[in-house]
Amino acid sequence: MTPSEAEAQPLLIDEDTFLTCGVHIGTKQKSKDMQPYITTVRDDGLRLLDISQTSRQIRVAAEFLNSFEPAEILVVSARQYGWKPARRFAEATGVTCIPGRFTPGRLTNPEMKNFIEPRTILLTDPAADAQPFREALNIAIPVVALCDANNLTSGVNIVIPGNNKGRRALALIYWLLAREMLRLCGDLGMDDDLADSVDDFEAPLV
């Protein structure tokens, strides 16, 4: 889908909320992979991401993730500001969550005490979550990832473009993804919101 086609879809939430939460604020560095999702460069050098494509890709990711049982989905976040939103997302949807340090071998070593066998994985940041990313590729399960302007997307099956470093941005993306999944599976009405607010998904300052 082209950016213009993505813009034709209504946003999952009003534009002001996307912008206020900083979902569109990318990094100064950019990768060639993420160029299609970048709209412009600010005077300070920060790349700005296309929120219409963020919204569209959250829909795509939600539909894809709903093709699995919740217990078959693993969400990870090495980034501290992603711990709470990832956990809240997991609580809302029933998926498995590993916040913080990911012990090598969790997906690839059956002898490990905490070995798990997901059928798909959701990464908060493909760079920060490099270990689970490598293991997911090793066992050939599909990867969904929140990708900032500087991320490489090789090996990522579904890219959700957006600020994957900001507290508020991560809270909103995970909140919207949880809401969309629950709406699509019928656990929420199509006009209903989660019981938890975006504020409830937001990590504390560290």
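Hi everyone, this is a short walk through one predicted model, from its sheet to its helices and cores.

Some ground rules before we start. Residues are numbered from 1 along each chain as its sequence is written, and side-chain values use heavy atoms, with hydrogens and water left out. As the model is predicted, local features need pLDDT of at least 70 and side-chain atom pairs count only at pLDDT 80 or more, while totals for chains, interfaces and linings use all residues.

Let's begin with the sheet. Helices (H or I, at least four residues) and strands (E, at least two) are DSSP runs, numbered from the N terminus. Two strands pair if DSSP finds at least two bridges between them. With that in hand, you can trace an open sheet of five strands in the order β4-β3-β5-β6-β7, with parallel pairing. The edges belong to β4 (96-99) and β7 (158-161); each has a single partner strand, so one side of each has no neighbour in the sheet. From one strand to the next, the twist averages 15 degrees. Axes here are lines fitted to C-alpha atoms, for helices over the stretch in contact, and angles run from 0 to 180 degrees between N-to-C directions.

Zoom in on β3, residues 73-77: four bridges join this strand to β4, and the two run parallel. One bridge to look for is Ser 77 with Pro 99 in β4. Packed on the sheet is helix α4, residues 80-93, which touches β3, β4 and β5 (120-123). Contact, by the way, means heavy atoms within 4.5 Å. The direction of α4 makes about 165 degrees with that of β3.

There is also a hairpin. Strands β1 (residues 38-41) and β2 (residues 47-49) pair in the antiparallel sense over three bridges, and Thr 40 has Leu 48 in β2 as its bridge partner. Five residues sit between the two strands, and in that turn Gly 45 has a positive phi of about 95 degrees.

Now for helix α3, residues 51-65. The expected span of a helix is 1.5 Å times one less than its number of residues. For the 15 residues of α3 that gives 21 Å, and its end C-alpha atoms are 21 Å apart, which agrees. A residue is buried under 20% relative accessible area, exposed over 50% and partly exposed in between, using a 1.4 Å probe and protein chains only. Buried residues of α3 include Ile 51, Ile 58, Ala 61 and Leu 65.

Which residues does Gln 57 of α3 contact beyond its neighbours within four places in sequence? They are Ile 158, Val 159, Ile 160 and Pro 161. Gln 57 counts as buried, at 8% relative accessibility. A polar atom of its side chain lies 2.8 Å from the backbone oxygen of Val 159. A polar contact is a pair of N or O atoms within 3.5 Å; within protein, one must be able to donate a hydrogen and the other to accept it, and residues adjacent in sequence count only if both atoms are side-chain atoms.

Thr 54, also in α3, is buried at 0%. Its side chain reaches the backbone oxygen of Pro 161 at 2.6 Å. Among the residues touching Thr 54 are Phe 18, Val 23 and Gly 162. Glu 63 of α3, by contrast, is exposed at 58%.

On to the cores. A nonpolar core is a set of buried Ala, Val, Leu, Ile, Met, Phe, Trp, Tyr and Cys residues joined through side-chain atoms within 4.5 Å. The largest has 38 residues, and Phe 89, Leu 172 and Leu 177 touch the most other members. Elements giving two or more residues to this core include α3, β3, α4 and α6 (167-185). The largest share, twelve residues, comes from α6. Apart from this core lies another, of 21 residues, among them Ile 38, Ile 98, Phe 102 and Val 159.

Helix α6 itself is mostly covered, with 15 of its 19 residues buried. Its end C-alpha atoms are 27 Å apart, in agreement with the expected 27 Å. Just after α6, Gly 186 takes a positive phi of about 90 degrees.

One last backbone detail: Ala 140 has a positive phi of about 60 degrees although it is not a glycine. You'll find Ala 140 in the loop between α5 (130-138) and β6, exposed at 66%.
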